[in-house]
Amino acid sequence: AFASLFFILISITTFCLETHEAFNRVINKTETVTTGNETGTQVAVEVETEPFLTYVEGLCVVWFTFEFLMRVSFCPDKRDFIKSSLNIIDFVAILPFYLEVGLRGLSSKAAKDVLGFLRVVRFVRILRIFKLTRHFVGLRVLGHTLRASTNEFLLLVIFLALGVLIFATMIYYAERIGADPDDVTGSRHTYFKNIPIGFWWAVVTMTTLGYGDMYPMTWSGMLVGALCALAGVLTIAMPVPVIVNNFGMYYSLAMAKQKLPKKKNKHIH
């Protein structure tokens, strides 16, 4: 468990460092291009990650592969193993590395397109963080809580969706009240050019986040904004106590289970 935890943390750290400018370098590659009967060269600019980060990631993938194969070999029920979401995450996080290594030496256009796609799919490596649920009780409790609170989350999404639709429409028309008579569209003085743009503002306001990138410019729009913020607080506050109660229940059960004396396996001759 400690070894697995160590490699998970190293892999996630490597994944984050690969996006930093200090670990990326721009290189010029000369490629031979054939057009009809003529052959010429062209210089392509590519961004390459520092090799030592690739080696570290390769070492981690070797460990994850070994761990995955051992677990596949010794699990009592292969069907249950394949159905497990954590095992699917393990496989999906390992596969792109081997495909990328296999396609790196090819120079065809199709191989380069696939290689570019795999570089985008690298984000699945961050899913390895979910493997920590095998080693931490708190994360398992959180997973059980989310599963048990599905109806509450659905209710929260419905409430937010209704609020977003209502207040985005209201802010759009409220901002038109103070429009310049010479402005035909009535949107020259405001950020809310249409209702879909108001969806973003309504979500940010109802969740009490408030980026400040969009805000009402008229007194009627400010009134709608105040109502939107109050409605958001009330909407989010309603389902939260149920979710908190579920978490408290599962956490108490998990702690009680840990405190129980462990049963010793008796050897039967």
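A residue is called buried when its relative accessible area is under 20%, exposed when that area is over 50%, and partly exposed in between. The exercises below apply this to a predicted model.

**Exercise 1. Helix H1**

Task: Compare the span of H1 with the expected one, then state which of its residues are buried and what covers them.

Solution.
- Step 1. H1 runs over residues 2-17, which gives 16 residues. Its first and last C-alpha atoms are 23 Å apart, close to the 22 Å expected at 1.5 Å a residue.
- Step 2. The buried residues are Ser4, Leu5, Phe7, Ile8, Ser11, Ile12, Thr14 and Phe15.
- Step 3. An α-helix has 3.6 residues a turn, so residues three or four places apart point the same way.
- Step 4. The cover over the buried residues of H1 includes helix H2, residues 51-74.

**Exercise 2. The largest nonpolar core**

Task: List the members of the largest nonpolar core and find which elements give two or more residues to it.

Solution.
- Step 1. The core has twelve residues: Leu5, Phe7, Ile8, Ile12, Cys60, Val61, Phe64, Phe68, Cys75, Phe81, Ile94 and Leu132.
- Step 2. H1 and H2 are the elements that contribute two or more residues to this core.
- Step 3. Leaving out residues up to four places away in sequence, Ile94 touches Val61, Phe64, Thr65, Phe68 and Arg128.
- Step 4. Another core lies apart from this one; it has eleven residues, including Ile171, Ala174, Val224 and Cys228.
- Step 5. Two cysteines of the largest core can be checked for burial: Cys60 has a relative accessible area of 1% and is buried, and Cys75, at 13%, also counts as buried. The number of disulfides in the model is zero.

**Exercise 3. The salt bridge**

Task: Identify the residues that meet in a salt bridge, and say which parts the pair ties together.

Solution.
- Step 1. A salt bridge needs a side-chain nitrogen of Lys or Arg within 4 Å of a carboxyl oxygen of Asp or Glu. The count under this rule is one.
- Step 2. The partners are Asp90 and Arg71, with an N to O distance of 3.5 Å.
- Step 3. Asp90 belongs to helix H4 (residues 85-104) and Arg71 to helix H2, so the pair joins parts 19 residues apart in sequence.
- Step 4. Asp90 is buried at 6% relative accessible area, whereas Arg71 is partly exposed at 26%.

**Exercise 4. Helix H7 and the annotated spans**

Task: Describe H7 and its surroundings, then examine the spans 153-174 and 195-212 of the "transmembrane region" annotation.

Solution.
- Step 1. H7 comprises the 25 residues 150-174 and should span 36 Å at 1.5 Å a residue; its end C-alpha atoms are 36 Å apart, which agrees.
- Step 2. Buried in H7 are Glu152, Leu156, Gly163, Val164, Phe167, Ala168, Ile171, Tyr172 and Ala174. Their cover includes helix H6 (137-148), H8, H9 and helix H10 (240-259).
- Step 3. The unreviewed UniProt entry annotates residues 153-174, 195-212 and 224-253 as "transmembrane region".
- Step 4. Residues 153-174 are 100% helix and 0% strand, with end C-alpha atoms 31 Å apart. Residues 195-212 are 67% helix and 0% strand, and their end C-alpha atoms lie 18 Å apart.

**Exercise 5. A backbone angle**

Task: Locate Thr208 and describe its phi and its exposure.

Solution.
- Step 1. Thr208 sits in the loop between helix H8 (195-206) and helix H9 (219-237).
- Step 2. Its phi is positive, about 55°, although Thr208 is not a glycine.
- Step 3. With a relative accessible area of 52%, Thr208 is exposed.

Terms used
Residues are numbered from 1 along each chain as its sequence is written. This is a predicted model: local features need pLDDT of at least 70, side-chain atom pairs count only at pLDDT 80 or more; totals for chains, interfaces and linings use all residues. Side-chain values use heavy atoms; hydrogens and water are left out. Helices (H or I, at least four residues) and strands (E, at least two) are DSSP runs, numbered from the N terminus. The expected span of a helix is 1.5 Å times one less than its number of residues. Buried means under 20% relative accessible area, exposed over 50%, partly exposed in between (1.4 Å probe, protein chains only). Contact means heavy atoms within 4.5 Å. UniProt positions are given in the numbering used here, feature names are shortened, and annotations may be inferred rather than shown by experiment. A nonpolar core is a set of buried Ala, Val, Leu, Ile, Met, Phe, Trp, Tyr and Cys residues joined through side-chain atoms within 4.5 Å. A disulfide is a pair of cysteine sulfur atoms within 2.5 Å.
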